[in-house]
Amino acid sequence: MAVTGKLVVNLHNLARFTNIAVPLLAGLFFVSGLRISFYFHFLSVGFLFLTILNAFYLYGQRGHSLLRNFGILGQGRYILESVGPELRQYLYSNDTEERPFNRNERAEVYRKAQNTNSASSFGSQKNFDSTEVKVRHSMFPIHKSELKHTHITFGEERGCANPYTLERPFIISGMSYGALGESAVRVFARGAKQARILMNTGEGGYPKYHLEEGCDLIFQIGTAKFGVRQSDGQLDDQKLRDLVANETVKMIEIKFSQGAKPGKGGLLPKEKITEEISELRGVPIGEDVVSPTSHAECTDIESAVRFIAHVQEVSQLPVGIKMCVGLSTEFREFVTEMKRQNVFPDWITVDGAEGGSGAAPKAFMDRVGIPLFPGLKRVNNILTELEARDRLKIVASGKLVGPGRQMIAFCLGADVIASARGFMLAAGCIQAMQCGNNTCPIGITTHDPNLQRGLDITLKANRVENYVNNLEHDLVELLCATGCRSIQELSFDHLYVPKDSTLHTYIINSK
Ligand SMILES: Cc1cc2nc3c(=O)[nH]c(=O)nc-3n(C[C@H](O)[C@H](O)[C@H](O)COP(=O)(O)O)c2cc1C
């Protein structure tokens, strides 16, 4: 006998049923309260409330069509949608699926930060098809003791009066005080000091807490020049001189653009503007703070190069620039102009379009700028072709949170790795994607003291240090496997770049 009755849920009918059942139950419990037991009135009050709410959704509002058609049942969709990210992260997404960082990538950072064993078993979950770039090893790996110590000295190329030597090739990438709360700034600053690496202030104005923690700093000058600004938006030379008088300010970075939003200025949502931030940045409370798209002093390539020279002159420190690669022809003209004026930044930070941000317009985050690896290759090639590669260092950033991608960046020409989200993860970030809302559940990108409370500064600073130690450990082993004695010996030839990888496609296209 054929089975004809299929069990299906017809949501429309279920909604109609709910809309009738809720007032009926309210009436039923009311009568039961009168006749059987007073306690039924608790239920009748609850259902009466639902009846009124349902009537409001169905007849009293026009903004939500779903609620107008389905009533209270329609709320189920909004509730499920709001907890969707958590459900997917905890239950449904597999280990290699989420973005920007999948569970495997996050777990690797957590293990490094917590000093736990990161050996894997059975096999890799990465692709071994024609899309993934791999590092080529040598038949004759070397021993650690054969490695050359590679300290990186910024400013040495132009004979800067105060060059800066970085012992380990890592920088905590710019994250402003504003995007970060006080506790997080202290975690990163203390961790940087313990790990003997540099921290970039981001474009957050006067670096009060960084200075209190005493780590070596790169002070970032963003397009709004928070902390070193005249009222017309131009650089205030005296403020910059006063700032660099602080001994721990070691270098200056001029931010031309950032991977997550190249061509767009910074954005600090009004929810995050406390009295203190308004003072440190010199901005009003209660309004979003939007930085201009470019520096007032830099209207074209020639003036941009002059501005670099000016900041070098005023600060007497190594001065670098940060940019995401867009038009390669423009970058070529930029380097040509540097040669013409004989002015070179002491480093270029190449930030990939995949980079993070506290807050950025979605269209910019998704669609503007060149990803790190092809961008880095382009910058390295152009500098080499124009015989300018030996005039400066290259810092690379953009999802370089594990040693594998970091090795690739070194092979593509990077001297130093910078990371923001790697260090956030090391401090316990769970990728809740709330950085711009002041609601970071871990207390990193928030000024809410109740949320910052969760961040134990001493413990998390130790995790930052562990993370650096373990990254260095893995990089040393990878370097030995290539047979190279220093990062500087790594080259493009140490990479296997298969034909369907984005890197390969870009190299072919850009010829
Ligand atoms: C919360 C947050 C705040 C940031 N603030 C700044 C900033 O003030 N200035 C800047 O140049 N970049 C800023 N960035 C970008 C990072 O410095 C970095 O370039 C980018 O995230 C790529 O590195 P990552 O992939 O390791 O995070 C910020 C990133 C994050 C996640």
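Helices (H or I, at least four residues) and strands (E, at least two) are, throughout this tour, DSSP runs numbered from the N terminus. The model is a predicted one, in which local features need pLDDT of at least 70 and side-chain atom pairs count only at pLDDT 80 or more, while totals for chains, interfaces and linings use all residues. Residues are numbered from 1 along each chain as its sequence is written, and side-chain values use heavy atoms, with hydrogens and water left out.

**The whole chain**

Start with the full protein chain, whose C-alpha atoms fill a box of roughly 95 × 65 × 45 Å along the principal axes, and which contains 18 helices and 14 strands. Of its 511 residues, 49% count as buried, where buried means under 20% relative accessible area, exposed over 50%, and partly exposed in between (1.4 Å probe, protein chains only). Next, colour residues 11-83 as domain 1 and residues 134-509 as domain 2, these bounds coming from an automatic or database domain assignment; the C-alpha centres of the two domains lie 54 Å apart.

**Strand E5 and Leu 198**

Select strand E5 (residues 198-200) and centre on Leu 198, which counts as buried because its relative accessibility is 0%. Leaving aside neighbours within four places in sequence, Leu 198 is in contact with residues including Tyr 164, Leu 166, Phe 170, Asp 216 and Met 251, a contact being heavy atoms within 4.5 Å. For a sense of distance, add Ser 65, which is 133 residues from Leu 198 in sequence and 53 Å from it in space, C-alpha to C-alpha.

**The cavity**

Select Ile 171, Ser 173, Gly 174, Asn 200, Ile 218, Glu 253, Lys 322, Trp 347, Thr 349, Val 395 and Ala 418, which line the largest cavity. On a 1 Å grid over the protein atoms alone, a cavity is a set of points where a 1.4 Å probe fits but cannot get out, and a pocket is an open set with protein on both sides within 12 Å along at least five of seven lines, lining residues having an atom within 4 Å of a point. The structure holds one cavity of 30 Å³ or more, and the volume of the largest cavity is about 50 Å³, a volume being the space filled by probe spheres set on grid points that are joined across faces, edges and corners. Its lining has five nonpolar, four polar and two charged residues, where Ala, Val, Leu, Ile, Met, Phe, Trp, Tyr, Cys and Pro count as nonpolar, Asp, Glu, Lys and Arg as charged, and the others, Gly among them, as polar.

**The second largest pocket**

Now show Phe 256, Ser 257, Met 323, Cys 324 and Glu 330, which lie nearest the centre of the second largest pocket among its 28 lining residues. This pocket has a volume of about 630 Å³, and its lining has 13 nonpolar, 11 polar and four charged residues. Add helix H10 (301-315) and helix H11 (328-341), each of which supplies at least two lining residues; H11 gives the largest share, three residues.

**Helices H7 and H14**

Move to Glu 213 in helix H7 (residues 208-213), a residue that counts as buried at 10% relative accessibility and that touches Arg 186, Ala 189, Arg 190 and Lys 193, not counting residues up to four places away in sequence.

Finish at helix H14 (residues 403-411), which is largely enclosed by the rest of the structure because seven of its nine residues are buried. The buried residues to select are Pro 403, Gln 406, Met 407, Ile 408, Ala 409, Phe 410 and Cys 411. After H14 comes Gly 413, whose phi is positive, near 120°.
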